Amino acid sequence: MTVASSIKTCTAGLKQAEAVFSKLALLSSDPKAQQVFHESMRTMQEIIERMNKRIFEIENEEPQYRGF
């Protein structure tokens, strides 16, 4: 497994976690829990954005990793 494919696999897992936090925020009846889940979802979004930037950098610097 290449670094690029490992990063993409990790990013996919983060996207799944983001979706779970979003769902939990919607399903929770406790306002404080909703806030915590929403904040966690936003944190995941920020990390995913940073990971996507890194994937872009890797693919531009190392063309052999494109599409993995």
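So, which helix is Glu59 found in? Glu59 sits in helix 2, the stretch that covers residues 31-61. Before I go on, a reminder that what you have on the screen is a predicted model.

Let me stay with Glu59 for a minute. Is Glu59 buried or exposed? Its relative accessibility comes out at 17%, and the cut-off for buried is under 20%, so Glu59 counts as buried. And what does the Glu59 side chain touch? There's a polar contact to the side chain of Lys8, at 2.5 Å. The pair also shows up as a salt bridge, with that 2.5 Å taken from N to O. In general terms, side chains of opposite charge can pair when their charged atoms come close.

Now, where are the two partners in the chain? Lys8 belongs to helix 1 and Glu59 to helix 2, so this salt bridge ties together parts that are 51 residues apart in sequence. As for Lys8, its relative accessible area is 24%, which makes Lys8 partly exposed. So we have a buried Glu59 paired with a partly exposed Lys8.

Okay, the helices themselves. Two packed helices are described by the angle between their axes and the distance between the axes. Here, helix 1 runs over residues 3-27, and it packs on helix 2 at about 160°, the axes being 8 Å apart. Why call that roughly antiparallel? Because the label applies to angles over 145 degrees, and this pair of helices is past that. If you care about handedness, helix 1 and helix 2 make a left-handed crossing. Who takes part in that contact, by class? Between helix 1 and helix 2 we get 17 nonpolar residues, 7 polar ones and 5 charged ones.

Back to charges. How many salt bridges does a search of the whole structure find? The count is 2. You've met Glu59 with Lys8; Glu57 also forms one, with Arg54, and there the closest N and O atoms are 2.9 Å apart. Glu57 and Arg54 both lie in helix 2, with their positions 3 residues apart in the numbering, about one turn of the helix. On accessibility, Glu57 is partly exposed at 36%, and Arg54 is partly exposed at 36% too.

A few positions to click on while you have the viewer open. Take Leu14, in helix 1. Leu14 has 16% relative accessibility, so it counts as buried. From Leu14 to Met41 you go 27 residues along the chain, and their C-alpha atoms are 9.7 Å apart.

Then there's Glu46, in helix 2. With a relative accessible area of 45%, Glu46 is partly exposed. If you draw a line from Glu46 to Gly13, C-alpha to C-alpha, you get 14 Å, for a sequence separation of 33 residues.

And past the helices? Gln64 falls in the segment after helix 2. Gln64 is partly exposed, at 45% relative accessibility. Compare Gln64 with Arg50: they're 14 residues apart along the chain, and their C-alpha atoms are separated by 21 Å.

So, to wrap up: helix 1 and helix 2 are roughly antiparallel, their crossing is left-handed, and the Glu59 to Lys8 salt bridge links one helix to the other. That's my bit, thanks.

Conventions:
Residues numbered from 1 in each chain as written. Predicted model: local features only at pLDDT ≥ 70, side-chain atom pairs only at ≥ 80, totals over all residues. Heavy atoms only, no water. Helix = DSSP H or I, 4+ residues; strand = E, 2+ residues; numbered from the N terminus. Buried < 20%, exposed > 50% of the residue type's maximum accessible area, 1.4 Å probe, protein only. Polar contact = N/O pair within 3.5 Å; in protein donor to acceptor, adjacent residues only side chain to side chain. Axes fitted to C-alpha atoms, helices over the stretch in contact; angles between N-to-C directions. Parallel < 35°, antiparallel > 145°, perpendicular 65-115°, else oblique. Left-handed = near helix turned anticlockwise from the far one by under 90°. Nonpolar A, V, L, I, M, F, W, Y, C, P; charged D, E, K, R; others polar. Salt bridge = Lys/Arg side-chain N within 4 Å of Asp/Glu carboxyl O.
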